Amino acid sequence: MLHELLLSLLGYTGDLVVDEREHQLSVGLSPEASISDQCTFKLASDVSFIESSERDIIEKTIRLGFYYRELDRFATKSRNLSWIRFGNESPMKNQSVYRRAIANGLVEVLSVYRSAVLHMEQKLLSDPLPILATVTQSLNKFFVLLPPMYELILEIERDGISGGKLLNLLHKRCHCGVPELQTCIQRLLWHGHQVMYNQLASWMVYGILHDQYGEFFICEQEGNSARDSSSNTNMAERLARMSVNDGSLSDWHLGFHISLDMLPEYIPMHIAESILFAGKAIRVLRNPSSAFRSVDARHKKLMGDELLPQSEADKIESMLINLKDSSEFHKRSFEGAVDSIRAIAASHLWQLVVVRADLNGHLKAIKDYFLLAKGDFFQTFLEESRQLMRLPPRLSTAEADLMVPFRLAVTKTISDEDKYFSRVTLRMPAIGTNIKSSKVDVSKPKYADTDSGLSSDTSLETSLDGWDGIALEYSVDWPLQLFFTQEVLSRYCRIFQYLLRLKRTQLELEKSWESVMQQDHSIFSERHIERVNGSLSQQRRQCFRPMWRVREHMAFLIRNLQFYIQVDVIESQWNVLQTHIEESRDFAELVEFHQEYLSALISQSFLDIGSVSRILDGIMKLCLQFCWKMENQETDASTNELERITEEFNKKSNSLYTILRSSRLAGSQRAPFLRRFLLRLNFNSYFEQTAQGVMNVIRPSPAIPPLQ
């Protein structure tokens with residue numbers, strides 16, 4: 001009976017100890033059978049020579065045999081690799097590297113249990129009068145270990161837990177008050193961490209994601225859902241246009257992400273992001289573009305080390321080996337090692353992008369052309385294209401038409417030494433959508449029925465809105481696409497379109513003054529030569545004086561706004577960015593600084609405030625309309641239109657001043673330079689008094705006397 005009892009402790013039933021589940025199935029348990037959720041080992045009902053007290057002890061003891069058998073079945077099933085030999089691919093869905101590692105740990109624990117049973121058997125055989133208490137005393141500590149281990153594998157099997165979820169479950173179970181049980185679960189967790197460290201080494205040393213069952217918290221981007229595929233379609237097309245054969249670029253932007261389901265709770269999110277960044281950086285460094293390699297080879301001073309020296313890769317690997325060899329998982333050591341590896345990857349990526357790819361030169365070129373730092377070039381371009389832009393753009397040839405003044409401006413202002421200008425391309429995209437933009441209704445709908453003569457101005461308003469679509473494109477090569485993403489270039493293009501409209505408005509205000517003055521002098525000369533009475537000239541000049549005053553108000557606002565953006569915003573933020581570039585040696589920090597730089601440009605230029613940007617667009621449009629009307633001052637209808645434009649400009653400029661001096665903007669990051677801008681506008685309190693008057697009193701606008 002004792003031998004049958006010992007066999008039952010190792011999971012083998014017989015006549016004394018029976019398995020109720022096997023009797024119900026009438027056949028033996030298959031290896032793929034699920035784990036039973038309750039103990040099925042019982043003493044045979046026909047055994048009558050055992051006392052009830054002994055029966056209770058035996059039934060309690062044989063439960064260990066049931067736990068052992070279920071744990072052993074789980075370990076055997078998890079470690080079964082026979083499907084590889086037969087080439088059966090279907091079981092891959094049920095496979096788990098992490099479960100296999102946990103099963104290896106279970107085998108170690110069960111081997112200790114088997115040794116205890118063997119030692120107990122030897123003790124019973126050597127005792128002339130074996131007693132049942134010897135069995136219970138020898139296996140006493142396993143009553144604490146095996147039941148929780150059984151509950152653990154039951155939860156794993158029932159919920160299909162694997163990967164990072166399994167590590168998370170084991171980490172939670174480690175926090176218990178039983179030292180022996182804590183030691184066992186820590187051993188299982190150690191085995192699971194071995195797999196994780198191997199995956200980390202593959203990812204952070206070689207840039208290879210080795211995760212055939214989808215259990216690592218770094219995973220490849222998959223467009224399984226329609227939402228993911230639709231959101232990434234445009235970006236994928238843009239990346240494909242920028243570099244058709246460059247897989248590392250798409251990997252950097254779209255290839256990998258963090259799976260929150262597989263991220264253990266004891267690994268913080270910022271550490272997971274560092275691991276993701278380090279692996280992507282290593283992939284970039286180990287797989288440079290073929291075009292970049294050929295260019296780099298021509299520069300002998302850059303021919304020293306590889307992009308990632310082997311010594312640095314060995315250093316990363318040694319850090320992970322030290323973590324792997326530790327018997328316990330220490331969070332602080334793990335985070336420190338990850339931060340060190342991330343710093344190494346970021347430093348070499350910084351060296352690649354900033355030094356070898358000449359990032360600062362490209363930033364300076366983008367500042368010159370997208371932020372209008374080359375003022376002479378754009379001044380010449382706008383002057384050469386001024387007559388063209390007074391007509392509505394033709395849908396089919398607008399871009400080709402612009403290329404003529406563009407090339408003239410290049411010939412006059414751009415030297416052959418500018419090696420970056422060849423990357424700049426002038427575009428005129430989506431003219432039809434720009435013509436139908438919301439900016440058309442700034443003035444036209446409200447006043448469409450005030451004067452029948454305004455119907456002829458539709459082409460003028462269309463041309464003003466149509467030419468606002470002028471854009472620039474900048475061609476970047478590998479690895480600068482890691483820094484100048486399509487989103488970054490689109491934000492630069494948005495700022496460029498805003499600045500170009502502003503500069504065009506300033507130019508038109510200056511040219512209108514020049515045109516009117518030439519016209520006035522020519523009339524004065526003609527009448528002086530003909531010796532006609534000068535009273536008509538004096539009367540005409542008296543009629544134009546209110547318009548000149550309005551034009552000066554417009555020019556004053558536009559000049560100060562342009563000075564504020566170009567000097568207080570762009571130049572100051574550029575100096576801040578240059579300081580960061582000189583001090584930083586981390587690519588990720590550099591990207592963050594550049595994002596802050598772009599955000600500051602947009603916010604301090606008010607492009608992120610819809611109400612302010614709409615008012616500014618309306619003001620610039622009114623200024624252009626005013627210039628065109630003032631140069632063609634012939635009829636009373638034009639005079640009425642000038643009065644309407646003047647009234648609209650006063651309203652919008654007062655609204656602009658009121659919004660900019662509001663408390664909401666006073667406490668934002670715009671505050672320091674915004675106060676300077678407001679001080680320039682309101683240096684003699686004119687804007688403040690006018691804005692208060694508009695808010696408190698409805699005053700009739702001064703009428704412009706009609707021309708005689």
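Biologist: Why is the second largest cavity called a cavity, and what is its volume?

Modeller: On a 1 Å grid over the protein atoms alone, a cavity is a set of points where a 1.4 Å probe fits but cannot get out. The volume, the space filled by probe spheres set on points joined across faces, edges and corners, is about 70 Å³ for the second largest cavity. By this rule there are seven cavities of 30 Å³ or more. The model is predicted, so local features need pLDDT of at least 70 and side-chain atom pairs pLDDT 80 or more, while totals for chains, interfaces and linings use all residues. Residues are numbered from 1 along each chain as its sequence is written, and side-chain values use heavy atoms, without hydrogens or water.

Biologist: How do you know which residues line the second largest cavity?

Modeller: A lining residue has an atom within 4 Å of a point. Those that line this cavity include Leu 382, Trp 467, Asp 468 and Arg 504. Helix α22 (residues 486-529) gives the largest share, four residues; helices are DSSP runs of H or I with at least four residues, strands runs of E with at least two, numbered from the N terminus.

Biologist: Why is His 594 called buried or exposed?

Modeller: Buried means under 20% relative accessible area, exposed over 50%, and partly exposed in between, with a 1.4 Å probe and protein chains only. His 594 is at 1%, so it counts as buried. His 594 lies in helix α24 (residues 587-604). Contact means heavy atoms within 4.5 Å; beyond neighbours within four places in sequence, His 594 is in contact with residues including Phe 483, Phe 484 and Tyr 492.

Biologist: What makes Asp 358 and Phe 606 worth listing, given their phi?

Modeller: Most residues other than glycine have a negative phi. Phi of Asp 358 is near 60°, and Phe 606 has a positive phi of about 70°. Asp 358 is found in the loop between α15 (331-356) and α16 (359-370), Phe 606 in the loop between α24 and α25 (610-631). Asp 358, at 28% relative accessibility, is therefore partly exposed, whereas Phe 606, at 1%, is therefore buried.

Biologist: How do you know that β5 and β6 pair, and in which sense?

Modeller: Two strands pair if DSSP finds at least two bridges between them. Strands β5 (residues 424-427) and β6 (residues 471-474) have four bridges, in the antiparallel sense. Thr 425 stands opposite Glu 473 in β6. Val 424 and Leu 426 form the covered face of β5, Thr 425 and Arg 427 the uncovered one.

Definitions and conventions: On a 1 Å grid over the protein atoms alone, a cavity is a set of points where a 1.4 Å probe fits but cannot get out, and a pocket is an open set with protein on both sides within 12 Å along at least five of seven lines; lining residues have an atom within 4 Å of a point.
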